[in-house]
Amino acid sequence: MTTLAERLRVALDHVHEPELLAGDHPGIGSSRMPAAVLVAVTDRPEPGLILTQRTESLRRHAGQVAFPGGRIDPGDRDAADAALREAEEEIALPRAAVTLIGEADRYLTVTGFEVIPVVGVVPPDLDYHPNEAEVADVFEVPLAFVLDPDNQLRASAEWQGRTRYFYEIRWGERRIWGATAAMLVNLSRRLRWAA
């Protein structure tokens with residue numbers, strides 16, 4: 001029987017067509033800030049996904065649901081190191097608790113970030129401690145739910161005089177949208193597995 005980590009590795013190694021990627025800002029310019037997020041999948045019979053609710057006081061993306069993550073700093077060895085550092089800072093996720101799987105598809109945000117999602121497997125029911133300055137809440141959603149195309153709704157809004165299209169996933173009272181939802185759509189297209 002294959003482990004969750006093995007299934008994820010095989011799926012991430014699979015070559016797919018770039019046009020399958022979700023995203024609506026390919027022309028944001030050449031000046032992109034490198035960033036990384038941790039896509040932390042819980043190792044349980046029905047895997048989950050760890051997400052955060054950002055505080056309302058943040059300058060960017062206040063109150064939004066997000067993966068733990070942020071800019072890649074000069075002291076970070078690579079995207080994985082940055083994602084692990086950010087997860088430790090934001091939710092006290094110990095680096096040693098994460099089994100790194102690999103990188104998912106990069107995502108260009110409308111705010112100028114080039115985000116590398118780093119997929120890792122974590123034990124279930126870890127004790128998270130949100131950094132109160134950045135994170136209002138840490139929660140787990142069923143992986144199968146967020147990867148199900150039926151739950152990935154395409155929406156639009158006017159932004160800076162243009163119609164912007166984005167994905168939205170509703171889970172209870174939570175609204176997962178924008179870059180986080182698009183990265184989940186990309187991951188679901190890559191994985192194509194029954195979670």
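In this predicted model, Arg 174 is in contact with Gln 53, Asp 137, Phe 139 and Ile 169, leaving aside neighbours within four places in sequence. Arg 174 lies in strand E11, which covers residues 174–177. The residue counts as buried because its relative accessibility is 19%, and buried means under 20%.

The largest nonpolar core has 35 residues. Several elements each supply at least two of its residues. The helices among them are H1 (4–13), H3 (143–147) and H4 (178–191). The strands are E1 (33–42), E2 (48–54), E7 (113–122), E8 (135–142) and E10 (162–171). Helix H4 gives the most, with seven residues.

Within this core, Leu 49, Val 119 and Val 146 have the most contacts. The surroundings of Leu 49 can be listed in full, not counting residues up to four places away in sequence. Leu 49 touches Val 39, Ala 40, Val 41 and Thr 42. Phe 67 is also touched by Leu 49. Further along the sequence, Leu 49 meets Phe 139, Glu 140, Val 141, Leu 143, Val 146 and Leu 184. A second core is separate and has 20 residues. Its members include Leu 38, Ala 80, Ala 97 and Ile 116.

Strand E10 also takes part in a hairpin with strand E9. Strand E9 spans residues 153–159. The two strands pair in the antiparallel sense, over seven bridges. Arg 154 stands opposite Tyr 167 of E10. Two residues lie between the strands of the hairpin. In this hairpin, Gln 160 takes a positive phi near 55 degrees.

Definitions and conventions: Residues numbered from 1 in each chain as written. Predicted model: local features only at pLDDT ≥ 70, side-chain atom pairs only at ≥ 80, totals over all residues. Heavy atoms only, no water. Core = buried A, V, L, I, M, F, W, Y, C linked by side-chain atoms within 4.5 Å. Buried < 20%, exposed > 50% of the residue type's maximum accessible area, 1.4 Å probe, protein only. Helix = DSSP H or I, 4+ residues; strand = E, 2+ residues; numbered from the N terminus. Contact = heavy atoms within 4.5 Å. Pairing = 2+ DSSP bridges.
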